[in-house]
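Here is a short tour of one sheet and two asparagines beside it. Have the model open as you read, and follow along strand by strand.

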Amino acid sequence: VCAGTLNGLSVTGDAQHQYQTLHKMYNNCEIVMGNLEIVLIDHTQDLSFLQTIREVTGYILIAMNVFASLPLQNLRVIRGTQFYEEKYALFVLLNYNPNTTHALRQLGLNQLTEILAGGVYIEKNEQLCHVDTVEWRDIM
């Protein structure tokens, strides 16, 4: 079990500092008590440590990143005890760099079966695939 964050889109330091903080907080974590906020992570970073996460009690925010794939393949539940922007349990926004080809292409939420409270917002992710093929209403 590890603690989540409540920073929203606010970041401290550069992308390297953001990554180091993320790694320190979530390495070997299975349950995030609070929110999982992944903001301003570069395409060169190894995010495989996130694959141990099975549950998030709050919301998930994925914004302003340029990595290709998010390894949350073992995430099963987003409880939604807290919301991003007062209504979202999953918020995915602006995960691409308009000046390069680096962008989020896969969410990798293969095991996600339940969002207990809150909505889903996925916008302005220029290269994100398969979002329209997910039955989000069945998960919520």
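In this predicted model, four strands form an open sheet in the order β3-β5-β7-β9, with parallel pairing. The edges are taken by β3 (36-39) and β9, and each of these has a single partner strand, so one side of each is left without a neighbour in the sheet. From one strand to the next, the twist averages 5°.

As a reminder, strands of a sheet pair through backbone hydrogen bonds, either parallel or antiparallel.

Let us look at β7 next. Strand β7 spans residues 88-93, and 6 of its 6 residues are buried, so the strand is mostly covered, buried meaning under 20% relative accessible area. Strand β5 (residues 60-63) runs parallel to β7 and is joined to it by 4 bridges. Strand β9 (residues 119-123) is also parallel to β7, with 5 bridges joining the two.

If you would like to find the pairing by eye, some residues make handy landmarks. Between β5 and β7, Leu61 stands opposite Phe91, and Ala63 stands opposite Leu93. On the β9 side, Leu90 has Val120 as its bridge partner.

Now for the two asparagines. Where does Asn95 sit? Asn95 lies in the loop between β7 and β8 (114-115). Asn125 has its place in the loop between β9 and α2 (136-139).

Are these residues buried or exposed? Asn95 has 0% relative accessibility and therefore counts as buried. Asn125 also counts as buried, because its relative accessibility is 11%, and the cut-off for buried is under 20%.

Both side chains reach a backbone oxygen, as listed here:

| Side chain | Backbone oxygen reached | Distance |
|---|---|---|
| Asn95 | Ile62 | 3.1 Å |
| Asn125 | Glu123 | 2.8 Å |

The contacts of these two residues link the loops to other parts of the chain. Setting aside neighbours within four places in sequence, Asn95 is in contact with Ile62, Ala63, Met64, Asn65, Ala103, Leu104, Lys124 and Asn125. With residues up to four places away in sequence again not counted, Asn125 touches Val92, Leu93, Leu94, Asn95 and Tyr96. The two asparagines thus appear in each other's contact lists.

Which distance separates the C-alpha atoms of Asn125 and Leu104? These C-alpha atoms are 6.9 Å apart, although the residues are 21 residues apart along the chain. Leu104 is also one of the contacts of Asn95.

Technical notes:
Residues numbered from 1 in each chain as written. Predicted model: local features only at pLDDT ≥ 70, side-chain atom pairs only at ≥ 80, totals over all residues. Heavy atoms only, no water. Buried < 20%, exposed > 50% of the residue type's maximum accessible area, 1.4 Å probe, protein only. Pairing = 2+ DSSP bridges. Axes fitted to C-alpha atoms, helices over the stretch in contact; angles between N-to-C directions. Contact = heavy atoms within 4.5 Å. Polar contact = N/O pair within 3.5 Å; in protein donor to acceptor, adjacent residues only side chain to side chain.
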